[in-house]
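Me: I'm new to this one and would like a close look at a single part. Could you pick a sheet, if there is one, and walk me through it and whatever surrounds it?

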Amino acid sequence: EKLIVTAVNFLKNPKVQSAPKDKQIDFLKKKGLSDEDIAEAYKRVESSSKTEMATSLVPSPTLASQVPSYSSLKTTTLGLDRRGLNVLPPLIGISHLRILVISNNEFVSIPKEINLLQDLEILNASHNKLKNDGIPDEFFDLSSLTYLNLAYNELTSLERFGRLLRLEKLNVAYNSIEEIPDEICYMQELKYVWIQNNKLKKVTNYLGLMSSLRMALLLGNEDLPEPLKNATTKNLRAILDTLK
């Protein structure tokens, strides 16, 4: 399962997507994936892409000043991925949104008005330039959020993330995060955590005590103790106990 999840993240990389498919497959085979694993990875990427591209009816502005207001939209899904944006459109009037995709843009911050989207359940803001100081406190008041993808950004910390109490899936892979803090224990609904290829040096013991957790992917964090690098959810608690 770990290899498949890593393969999915690999195949979602824009640079990888531009490469010939046979080269993608050859690379994955060299990493130890079987034909069945590779087929499953492509299947998951395709399924994810359909969700992210759910709405292609929005115009394609390239400058922030060209972004129109979406206050009249009745849809619950808004896709603004791959548009070269660095500013979100006005959020007033679209509080009914449940899915927001703003991946593959140039965002360095998220506006405070994000807390107007109290029905928001899924947010994909991967492949941007977001840093911790660009995420306002109001963001962590999104009480309906269950899926958050902030992979491929410039985050260094998970502070304040413990306030997202309903979050079930958290993807912060390929950032520069150094620690999984104690406050993650407040996220009692958390089932899946992708935090591979960061700069982790410390992992709280509470992670191994979370009964809801089904998977925590820690691969590619070279500063972690050797047992943790390849830990599975099943043996995570035991490994953390030995490293106290």
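Reply: A word on labels before anything else: helices (H or I, at least four residues) and strands (E, at least two) are DSSP runs, numbered from the N terminus. Also keep in mind that this is a predicted model.

Now the sheet itself. Seven strands make up an open sheet, and their order is S1-S2-S3-S4-S5-S7-S9. The pairing is parallel. In general, strands of a sheet pair through backbone hydrogen bonds, either parallel or antiparallel. The edges belong to strand S1 (77-79) and strand S9 (215-217), each of which pairs on one side only. Going from one strand to the next, the twist averages 5°.

For a closer view, take strand S4 (residues 147-149) and strand S5 (residues 169-171): they run parallel and are joined by three bridges. In that pair, leucine 148 has leucine 170 in S5 as its bridge partner.

A helix also rests against this sheet. Helix H1 (residues 2-12) packs on it, touching S5, strand S7 (192-194) and S9. The direction of H1 makes about 60° with that of S9.

H1 has a part in a pocket too. The second largest pocket has a volume of about 200 Å³, and H1 provides the largest share of its lining, four residues. H1 and H3 each supply at least two lining residues. Among the residues around this pocket are Leu3, Phe10, Phe27 and Tyr174.

While we're at H3 (residues 21-30), have a look at glutamine 24, which is found there. Glutamine 24 counts as buried because its relative accessible area is 8%, and the cut-off for buried is under 20%. Residues up to four places away in sequence aside, glutamine 24 touches Phe10, Leu11, Val16, Gln17, Ala19 and Tyr42.

Next, the nonpolar packing. The largest nonpolar core has 47 residues, and those touching the most other members are Leu100, Phe139, Leu145, Leu148, Leu150, Phe161 and Ile195. So leucine 148, the bridge partner of leucine 170, turns up again in this list. Neighbours within four places in sequence aside, leucine 100 is in contact with Leu78, Ile114, Leu117, Leu120, Ile122, Leu123 and Asn124. Another core, of 11 residues, lies apart from the largest one, and Ile4, Leu33, Ile38 and Tyr42 are among its members.

Finally, the loops that link the strands. Histidine 127 sits in the loop between strand S3 (122-124) and S4. Most residues other than glycine have a negative phi. Histidine 127, though not a glycine, has a positive phi of about 55°. With a relative accessible area of 16%, histidine 127 is buried.

Glycine 134 is found in the loop between S3 and S4 as well, and is buried with a relative accessible area of 8%. Its C-alpha atom is separated by 4.0 Å from that of serine 109, although the two residues are 25 residues apart along the chain. Leaving aside neighbours within four places in sequence, glycine 134 is in contact with Val108, Ser109 and Ile110.

One more loop residue to find: arginine 160, between S4 and S5. Arginine 160 also has a positive phi, about 80°, without being a glycine. At 22% relative accessibility, arginine 160 counts as partly exposed.

Note on methods:
Residues numbered from 1 in each chain as written. Predicted model: local features only at pLDDT ≥ 70, side-chain atom pairs only at ≥ 80, totals over all residues. Heavy atoms only, no water. Buried < 20%, exposed > 50% of the residue type's maximum accessible area, 1.4 Å probe, protein only. Contact = heavy atoms within 4.5 Å. Pairing = 2+ DSSP bridges. Axes fitted to C-alpha atoms, helices over the stretch in contact; angles between N-to-C directions. Core = buried A, V, L, I, M, F, W, Y, C linked by side-chain atoms within 4.5 Å. 1 Å grid on protein atoms, 1.4 Å probe; cavity = no way out; pocket = protein on both sides within 12 Å on 5 of 7 lines; lining within 4 Å. Points joined across faces, edges and corners; volume = space filled by probe spheres on them.
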